[in-house]
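Please read the sequence slowly and turn the structure in your hands, so to speak, before following the explanation below. It goes from single residues to the whole chain.

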Amino acid sequence: MSESAGAHQPSTQVLPHELPASLRDAGLVNWIREPLDDAVDRRRRIIMPPAAAVMGTPASAYQGALLAEARHPDTVFMMGDNPELPKLPERPALKDFFLLRFSRIARTHLLQSARVARENGLDEKVITACLLHDIAIAGLLSANHGYWGAQMVAPYVGEEVAWAIEKHEALRYFPDESVGYSYPEAYIDYFGPDYDPPDYIRREHQAARQHRWYMTSRLITINDIYSFDPDVVVGYDEFEDIVGRNFRQPAEGLGFDGSPVAHMWRTMIWPNNFL
Ligand SMILES: [Fe+2]
Ligand SMILES: [Fe+2]
């Protein structure tokens, strides 16, 4: 490193300035990474909470205070690799996101759903749809997850798989007793017994029922609700062959293939980038 570049680095002996008590009191220290030995330099790194995560919560009031912190020379916003997260390979594949980004509970849910679908003798496109159906919850956003998830995988899977993932968002709220699907018990806990899906979800459900691919999406919901067993461990490798045949992995790696959804995968590679 040249001397002039070194001159901009804070001394390794000096601890960063004290954070204002208001930030500590607000619990925002959870968004702030203090210098650690494995950090690339000795600067404190602030993660600016994404609007979608904090809107409607007290944390949204602290954007200005966090911006002010970044004016200190010992403090920057998180950009690029967060040392807290495993580094992904240069050309990440679907498996890397499953193993290095998705939480254990999300990964297990997806793998269990796919396994149940396989044990039920369903075809590969349904197994693939089950494996990917909640990928947006696992790595990006929970609200509207069916739509986000369908977009994320659309360039890489068959049209029917992406369609089924999108429509499971609406279908899961509505029973279809003809195929043994009841309203999920879990939703009574999650949303309360009086939850009423909004009109747009009702319309989506009605339209999906008339569609020729209805059953593909319905099968996602059927294989979904039995798949939260925390004691069942399913390895990703069990589905490597199915993924190989049903998910067109881009040679440049997910996030770098210039597809219309590459930015979504990059957001999962570097989820804490300020901008
Ligand atoms: Fe879902
Ligand atoms: Fe699910």
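His-145 has a relative accessibility of 5%, and because buried means under 20% relative accessible area, His-145 counts as buried in this structure, which is a predicted model. This residue is one of the protein donors of the iron ion (ligand 1), the others being Asp-134, through an OD atom, and His-168, which like His-145 uses its NE2 atom; they lie 2.2 Å from the ion. Along the chain these donor residues follow the spacing D-x10-H-x22-H. His-145 lies in helix 9 (residues 145-153) and His-168 in helix 10 (residues 159-171), so the two histidines tie together parts that are 23 residues apart in sequence. His-168, with a relative accessibility of 0%, is also counted as buried.

What lies 3.8 Å from this ion, and which residue coordinates both? The neighbour is the iron ion (ligand 2), and Asp-134 is the residue that coordinates both ions. Asp-134 itself has 9% relative accessibility and therefore counts as buried. Around the iron ion (ligand 2), the coordinating atoms are NE2 of His-109, NE2 of His-133, an OD atom of Asp-134, and two entries for OD of Asp-224, at 2.0 to 2.8 Å. Written along the chain, the donors of this ion are spaced H-x23-H-D-x89-D.

His-133 deserves a separate look. It is placed in the loop between helix 7 and helix 8 (135-139), and yet His-133 is buried, with a relative accessible area of 0%. If neighbours within four places in sequence are left aside, His-133 is in contact with His-109, Leu-110, Ser-113, His-145, Ile-165, His-168, Ile-220 and Asp-224. Several names in that list have been met already: His-109 and Asp-224 are donors of the iron ion (ligand 2), while His-145 and His-168 are donors of the iron ion (ligand 1). By way of contrast, the C-alpha atoms of His-133 and Trp-270, which are 137 residues apart along the chain, are separated by 22 Å.

Asp-224 leads on to helix 13, which covers residues 214-224. How many of its 11 residues are buried? The number is 10, so helix 13 is largely enclosed by the rest of the structure. The buried residues include Tyr-214, Arg-218, Ile-220 and Asp-224. As for what encloses them, the buried residues of helix 13 pack against helix 6 (104-119), helix 7 (124-132), helix 10 and helix 12 (199-210). When you follow a helix like this one by eye, it helps to remember a general point: an α-helix has 3.6 residues a turn, so residues three or four places apart point the same way.

Two loop residues may be set beside these buried ones. Asn-144 lies in the loop between helix 8 and helix 9, and although Asn-144 is not a glycine, its phi is positive, at about 60 degrees. With a relative accessibility of 34%, Asn-144 counts as partly exposed. Pro-198 is found in the loop between helix 11 (185-191) and helix 12, and Pro-198 too counts as partly exposed, at 31% relative accessibility. Measuring from C-alpha to C-alpha in the model, Pro-198 and Ala-106 are 26 Å apart in space and 92 residues apart in sequence.

Now turn to the strands. There are 3 of them, forming an open sheet in the order 1-2-3 with mixed pairing. Strand 1 (32-33) and strand 3 (75-77) stand at the edges with a single partner strand each, so one side of each has no neighbour in the sheet. Strand 2 (residues 44-46) runs parallel to strand 3, and 3 bridges join the two; within this pair, Arg-44 stands opposite Thr-75 of strand 3.

Finally, step back to the whole chain. The protein has 15 helices and 3 strands, and its C-alpha trace spans about 70 × 45 × 35 Å along the principal axes. Of its 275 residues, 43% count as buried. Among contacts between residues at least 6 apart in sequence, 68% join residues at least 24 apart. The protein exposes about 14,600 Å², of which carbon and sulfur atoms supply 54%. It carries 26 positive and 38 negative charges, and the mean positions of these two groups are 3 Å apart.

Terms used
Residues are numbered from 1 along each chain as its sequence is written. Chains are lettered from A and ligands numbered from 1 in the order in which they are written. This is a predicted model: local features need pLDDT of at least 70, side-chain atom pairs count only at pLDDT 80 or more; totals for chains, interfaces and linings use all residues. Side-chain values use heavy atoms; hydrogens and water are left out. Donors are N, O and S atoms within 2.8 Å of the metal (3.2 Å for Na, K and Ca); water is not among the atoms, so sites may look incomplete. Buried means under 20% relative accessible area, exposed over 50%, partly exposed in between (1.4 Å probe, protein chains only). Helices (H or I, at least four residues) and strands (E, at least two) are DSSP runs, numbered from the N terminus. Contact means heavy atoms within 4.5 Å. Accessible areas come from the Shrake-Rupley method with a 1.4 Å probe; for residues, only the protein chains shown count as cover. Lys and Arg count as positive and Asp and Glu as negative; His and the chain ends are not counted. The place of a charge is taken as NZ of Lys, CZ of Arg, CG of Asp or CD of Glu. Two strands pair if DSSP finds at least two bridges between them.
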